[in-house]
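These are my notebook entries from a reading of the model, kept in the order in which I looked things up.

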Amino acid sequence: MKKRGIGIASLVHPNSVRYYYDSEGSSCFVKVHDDGTVSVLSGARDMGQGALTIVAQIVAEELGVRYEDVKVADSGGTEELPDDLGAYASRSTFISGRAAQVAAADAKQKLFKVAAKMLDANPEDIVARDRKIFVKGSPEKSVNFADAVYAHMYDPKYTGHTLFLMGQSSIDVEGSEVPTRETGYGNSFCGNIFGSHVAEVEVDTETGEVRIIKQTAALDVGRVINPMGTEGQIEGAVLQGYGWTLLENMIWEEGKTLNPNFLDYRIPTVFDAPEVQVVMVESHEPQGPFGAKGVGEPGMVPVAACINNAIYNAVGVRFNELPITPEKVLKALKEKEEKDKAKKEES
Amino acid sequence: MKQLISLNVNGEVCDVAVEPNKTLLEVLRNELQMTGTKEGCGGLGQCGACTVIMDGKAVNSCLVLAMDARDKEILTIEGVATGGKLHPIQQAFLDHWAIQCGFCVPGIVLSAKALFDENPHPTEDEIKTAIAGNLCRCTGYAKQKEALLAVAGRQGKEGEK
Amino acid sequence: MRKKFEYFEPETIEEAISLLVKYKGQARLFAGGTDLLPLMKQEVVSPQYLVNIKKTPGLDYINPDNGKGLKVGALTTLHAIETSPVIREKFGILAQAASKVGYLQIRNIGSIAGNICQGYRCWYYNQSHDWRKFWAPCYKRGGDICYADKGAKRCQNMVLRSDTAPALIALGAKVKLVGEDGERVIPIKDFFEKTGNRLRGDEILTEIQIPDQPPHACGVYLRWSPRRALDYPVAGTAVIMEMDTENSLCRNIKIIFGSVAPVPFEVDEAEDFLRGKKIDSDIIDMAAQIVRDSVATKAIKFGDHSADYKTTMAGILIKQSIEDCLKLAK
Amino acid sequence: MSDAFSVVGKRVPQKDGVDLVTGVGKFIDDIVLPKMLYGKILRSAHAHARILNIDTSKAEKLPGVKAVITAKDTPRLRYGVAQIYDEIRDEPVLTDDKVRFYGDRVAAVAAVDVDTVEEALDLIEVDYEVLPAVFDPEEAMKPGAPKVHERFYKGDGVHGFKECEVENNICITKRVLAGDVEKGFKESDVILEGRYTAHGQEHSHLETHGAVAAVDLMGNIKLWTTTQTPFTIRRDLVKMLGIPLGKIDVIGTKCGGAFGGKNEVTVEPHAILLAQKTGRPVKMIYSREEEFIASTIRHPFIFYSKIGVRKDGKLMAKQGKAILNTGAYSNHGVGVAYLTGAIFATLYRVENVNYEGFVVYTNCTYGGAFRGYGNPQMTFAIETEMDRVAETLNMNPVELRLINAPVAGEKSACGILVGSCGLKDCIAQAAKTVGWENKWKGWETR
């Protein structure tokens with residue numbers, strides 16, 4: 001018989017932990033060209049999570065150009081790229097992303113001095129958007145982004161110089177600290193992301209198979225920089241969690257891995273992938289770029305727990321050991337049956 | 001000892017000297033420097049990253065001896081985009097963010113292409129069957145299904161978000 | 001692949017056989033390659049001579065031999081079988097079984113003969129050279145230990161994990177083996193022995209012969225694997241049932257299990273029990289119990305699946321397949 | 001998405017998407033340099049053994065072999081993942097005294113092609129004295145259990161490193177202490193205890209680890225690697241090879257998935273040493289099997305949990321003992337042990353916390369960073385316990401979680417500032433989206 005159940009589990013996860021070094025640094029260079037295009041040298045490391053894309057979006061937004069106007073160097077070494085601790089602890093968007101925003105703002109602020117003169121307005125009264133720089137509230141009073149850059153570079157009448165335009169940043173996270181050794185007290189999380197998953201599972205009481213019908217993941221992502229990227233991170237994380245909970249079983253004999261291959265160590269295929277619905281709850285993270293948080297890891301965190309709770313809701317057995325294999329499920333169901341019988345006989 | 005064979009890869013015939021114990025994957029990557037075809041599982045046919053199309057059928061190039069690839073038409077990822085344009089499958093992968101690290105993508109694109117060449121409007125189940133042998137650890141397959149359903153002119157289960 | 005070998009592409013079957021004879025014990029026959037190549041890369045087998053019959057003419061066909069059943073050439077790919085109209089219509093159980101193997105890329109090159117003649121597998125035996133090199137060889141490799149069952153006196157754990165074998169046994173198929181002293185045709189049910197199949201070093205399995213099935217016979221192949229693709233069966237069952245549809249009597253039935261024990265086997269007790277009976281849910285439950293009792297005596301642990309669990313799955317699969325047969329019969 | 005923005009919040013495609021979807025993007029194994037050699041590592045024959053002798057002469061004589069290195073060719077420095085406090089250096093580039101797990105590195109070979117390298121590995125003769133091994137962390141903690149490490153180097157991030165004894169295979173104990181748990185339990189109406197175990201997990205990124213090293217005549221090193229942390233890797237290489245930081249340029253290639261697994265050093269130092277010895281570029285790529293046997297995994301985890309809660313659902317006290325099976329080397333164990341404790345104290349509001357996290361050596365494959373960094377294991381325990389609490393109090397699990405969810409601005413028991421916190425919204429929205437109230441049948445149905 002197939003029984004359905006539902007289970008919930010929540011999560012908190014840091015956007016980087018101040019633990020490795022007493023720093024959560026990142027840095028970035030932004031070069032603005034006189035055709036209005038932009039080159040970014042970022043310390044962010046793209047391992048598939050889309051860090052470079054996010055950096056480009058952030059820079060484009062901050063400078064007021066289009067996404068396609070921004071290039072991000074993706075093949076540089078530690079020699080030429082600005083320093084960054086790297087892509088771990090869900091920190092790329094949150095920290096490397098903000099470094100990019102600050103660098104872009106640095107360039108923008110220089111550019112606005114010129115643009116303000118061109119528009120004869122105050123620098124603080126003007127904004128840039130979609131390749132145009134204009135006075136707040138009166139878009140008709142505008143100058144092309146590229147023209148302003150050109151003026152900054154080659155027309156001394158604005159700054160008294162002819163200056164190439166670039167912005168830079170080197171940042172750390174404010175207010176985070178290394179925890180004490182004795183009590184582990186300290187605000188070591190540079191930022192934190194919260195979320196709650198609900199799993200709807202179907203348990204086959206004959207085969208012991210557990211199948212996720214649907215996984216709903218509500219995450220407090222701060223501000224979404226790219227919805228597709230965010231969904232992708234969470235969908236992928238959920239499947240990894242699913243695999244860890246139900247399928248993937250590392251088998252050791254005397255310390256030797258017996259299934260060191262993709263045939264006997266089973267990571268999920270497309271047929272095993274459950275439907276995942278991502279619900280993005282937007283809050284505002286003051287230290288994140290445009291209020292954004294990192295979502296790399298969180299999607300994985302509560303999966304095992306909410307599957308376990310959903311199984312209990314479906315068939316009344318709960319596991320304190322992973323992975324939850326069909327054999328274990330059958331064994332647990334049998335034990336429950338016997339317990340229930342014993343109970344009946346008592347009463 | 002090495003033998004001189006000619007392979008038809010992406011419409012170009014090239015002569016290459018190979019040991020009979022080398023697979024098509026090894027020859028593509030090491031002799032022809034076509035590194036778009038990936039090896040993920042150690043050449044045991046357990047991940048699909050090395051998928052190419054041979055005479056219209058998707059196959060694991062790690063399970064084909066180079067000798068057996070003679071007088072066959074081989075299509076690798078390098079030959080999928082033609083005339084300076086991405087193939088619709090590739091475009092869909094971009095538009096739907098069906099790529100993360102991208103290591104499994106060449107294989108999946110070719111598995112999908114083999115399907116679409118035979119059947120332009122496959123169902124979700126036919127699509128799954130076509131890419132079931134292509135492991136992806138990043139995406140959870142959701143966006144890849146979406147992308148391929150879009151190419152097939154169907155909406156995903158939940159449709160476009 | 002590290003190990004080198006001398007490579008041949010015989011033009012004829014006779015030539016292939018003569019090569020096998022010439023290099024007896026050191027040559028391997030190469031057809032689809034989906035089973036042999038991984039074994040060679042892991043250096044589980046390292047032939048000095050490889051006889052590749054992939055291009056040898058006359059081995060890739062599906063010939064309906066009207067009245068006398070179907071003849072399938074050894075090199076016919078599993079994909080050709082799962083999509084062949086005649087097989088789907090008249091021998092659906094074989095198409096089902098073929099469609100379950102591995103995944104599409106594998107079925108596109110894997111041959112039916114290869115799926116039948118594939119090596120029996122064991123989690124210890126099927127490891128790479130690097131994994132094995134510091135361990136004493138097991139019985140299967142000429143040593144004197146079985147890592148799966150350390151107390152055992154001989155190899156205990158080799159399992160044939162073929163999907164098509166049980167289906168072909170249920171269909172009563174025969175295999176044609178051609179060797180240096182002529183050809184022999186044997187029922188496929190006798191082809192598999194606990195330690196390996198009966199193919200001699202000089203022989204080639206050239207053809208599978210499937211007899212026409214009686215009217216009202218309907219077959220189902222079901223298998224269970226933890227992953228829904230890219231996996232071997234943990235248990236597979238092939239059932240062919242002849243129904244007397246008027247009064248839903250079971251005229252005759254064949255029940256074959258694969259992958260639960262070293263080789264596929266038929267559950268005669270369950271067949272005898274069901275023959276001539278009116279099939280209802282109680283009868284099916286009883287049959288399932290008989291199957292479990294029988295499988296329990298034969299099932300062996302494999303990798304991360306216990307004999308008990310395989311037995312349980314056998315009971316579930318047999319119910320499901322009988323019910324599916326009834327649906328088909330309607 | 002908000003229209004206050006013109007690019008942020010928009011569904012734009014990846015910057016490098018075209019490279020990836022056309023196969024142009026260069027992953028580590030796609031890099032080929034002139035005169036490049038191929039390298040591989042000889043791994044241990046045992047889970048635990050003392051190395052008596054390594055004879056590489058046969059391997060060196062094999063045509064095509066350009067270099068064979070063992071511990072004596074390394075600076076014999078121990079390294080570990082940098083932590084500010086409690087940094088532990090226990091991991092050798094090539095092991096000299098003994099092997100501690102099956103993946104341990106005994107020697108490395110560079111040759112003209114992969115086949116020759118593999119031949120050479122088979123020709124290296126190692127004499128071992130097999131030692132008793134321990135695989136269960138709880139066994140390993142008992143007095144008299146086999147010692148995986150006799151001693152290691154421990155730093156406090158300020159005064160450098162001192163050598164110290166390892167007792168009962170406990171690499172380190174991290175504590176998170178707050179309030180007074182005994183008081184908390186006294187004030188509780190219900191106290192629940194449980195033991196949880198979670199197994200290891202292999203990252204299984206489709207691209208395996210790898211690196212290509214090239215050294216010029218000035219001794220400048222170019223290192224291409226598939227790491228997720230180029231700058232940190234450079235720092236680690238300085239530690240383990242004693243090379244000045246300025247001499248190393250770490251270049252990140254396209255990275256075929258990482259999930260934390262490409263945080264730490266694998267073949268980078270060996271590739272550099274072989275390149276230095278041969279004067280030719282050296283490529284080293286992990287096989288899939290090496291990924292499973294020799295690369296890090298998610299820490300197998302044992303957790304003893306005790307939580308006290310009031311009738312109204314308020315959490316009063318949490319006590320927990322975590323045992324992380326860190327395998328042969330500490331690697332990220334220290335950080336993971338701290339993080340699981342911080343999560344334990346932060347996921348739901350509670351004043352009284354007593355958490356002990358033991359990082360324990362065994363002769364298993366070693367643990368490292370993996371998406372979640374201990375959090376999935378811990379949350380599996382916490383959230384299962386929360387449901388047990390809800391059942392005991394016959395309370396709707398959603399309600400119980402809402403009661404105890406922290407809110408923005410507060411500090412958790414261990415001092416974590418809960419910045420912007422949408423947890424209550426997340427719980428509410430998740431429940432609403434799935435129609436929890438209609439689907440959740442209540443405890444009595446169980």
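**Entry 1: strands 18 to 20 of chain D.** I began with Val309(D) and found that its bridge partner in strand 19 of chain D is Leu315(D). I note here that the model is a predicted one, and I read every entry below with that in mind. Strand 18 of chain D covers residues 301–309 and pairs with strand 19 of chain D in the antiparallel sense, over nine bridges. I then looked at the turn of this hairpin, where five residues lie between the strands and Gly313(D) takes a positive phi near 95 degrees.

Next I asked how strand 19 of chain D is joined to strand 20 of chain D, parallel or antiparallel. The two run parallel, with 10 bridges between them, and strand 20 spans residues 352–361 of chain D. As one pair from this ladder I wrote down Lys321(D), whose bridge partner in strand 20 of chain D is Glu356(D). I also checked how far strand 19 of chain D, residues 315–327, is covered, and found that 12 of its 13 residues are buried.

**Entry 2: a three-stranded sheet in chain D.** I moved on to an open sheet of three strands in chain D, which has the order 5-10-11 and antiparallel pairing. Its edge strands are strand 5 (87–89) and strand 11 (161–165) of chain D, each of which pairs on one side only. From one strand to the next, the twist averages 35 degrees. I followed the pairing of strand 10 of chain D, residues 151–155, with strand 11 of chain D, and counted five bridges between these antiparallel strands. Within that pairing, Phe152(D) has Cys164(D) of strand 11 of chain D as its bridge partner.

**Entry 3: two helices of chain D.** Which residues make the contact between helix 9 and helix 10 of chain D? Before listing them I took down the geometry: helix 9 (residues 333–346) and helix 10 (residues 375–392) of chain D pack at an angle of about 35 degrees, and their axes are 9 Å apart. The crossing of helix 9 of chain D past helix 10 of chain D is right-handed. On the helix 9 side of chain D the contact is made by Leu339(D), Thr340(D), Ile343(D) and Phe344(D), while helix 10 of chain D brings Asn375(D), Gln377(D), Met378(D), Thr379(D) and Ile382(D). Sorted by class, the residues of this contact between the two helices of chain D are five nonpolar, four polar and no charged.

**Entry 4: chain D as a whole.** I recorded 13 helices and 20 strands for chain D. Its C-alpha atoms fill a box of roughly 75 × 65 × 45 Å along the principal axes. Of the 446 residues in chain D, 62% are buried. Among contacts in chain D between residues at least 6 apart in sequence, I found that 78% join residues at least 24 apart.

**Entry 5: chain C against chain D.** I looked up where these two chains touch, and found six residues of chain C in contact with five residues of chain D. The side of chain C that touches chain D has two nonpolar, one polar and three charged residues.

**Entry 6: chain B.** The secondary structure of chain B comes to five helices and five strands, which follow the pattern β-β-α-β-β-β-α-α-α-α along the sequence. I asked what radius of gyration chain B has. The value is 16 Å, which agrees with the figure near 15 Å for a compact globule of 161 residues. The C-alpha atoms of chain B fill a box of roughly 55 × 30 × 25 Å along the principal axes, and 62% of its residues count as buried.

**Entry 7: backbone details in chain A.** I found a cis peptide bond between Leu322(A) and Pro323(A), with omega about -5 degrees. Pro323(A) is in the loop between helix 6 (303–315) and helix 7 (326–346) of chain A.

I then took two residues with positive phi that are not glycines. Ser90(A) has a phi of about 50 degrees and sits in the loop between strand 4 (70–72) and helix 2 (92–118) of chain A. Why does Ser90(A) count as buried? It has 29 C-beta neighbours inside 10 Å, and the cut-off for buried is 20 or more. Glu254(A) likewise has a positive phi, near 50 degrees, in the loop between strand 11 (252–253) and strand 12 (256–257) of chain A. Glu254(A) counts as partly exposed because it has 13 C-beta neighbours inside 10 Å.

Technical notes
Residues numbered from 1 in each chain as written. Chains lettered and ligands numbered in written order. Predicted model: local features only at pLDDT ≥ 70, side-chain atom pairs only at ≥ 80, totals over all residues. Helix = DSSP H or I, 4+ residues; strand = E, 2+ residues; numbered from the N terminus. Rg over C-alpha atoms; globule rule 2.2 N^0.38 Å. Contact = placed C-beta atoms within 7 Å. Nonpolar A, V, L, I, M, F, W, Y, C, P; charged D, E, K, R; others polar. Axes fitted to C-alpha atoms, helices over the stretch in contact; angles between N-to-C directions. Left-handed = near helix turned anticlockwise from the far one by under 90°. Pairing = 2+ DSSP bridges.
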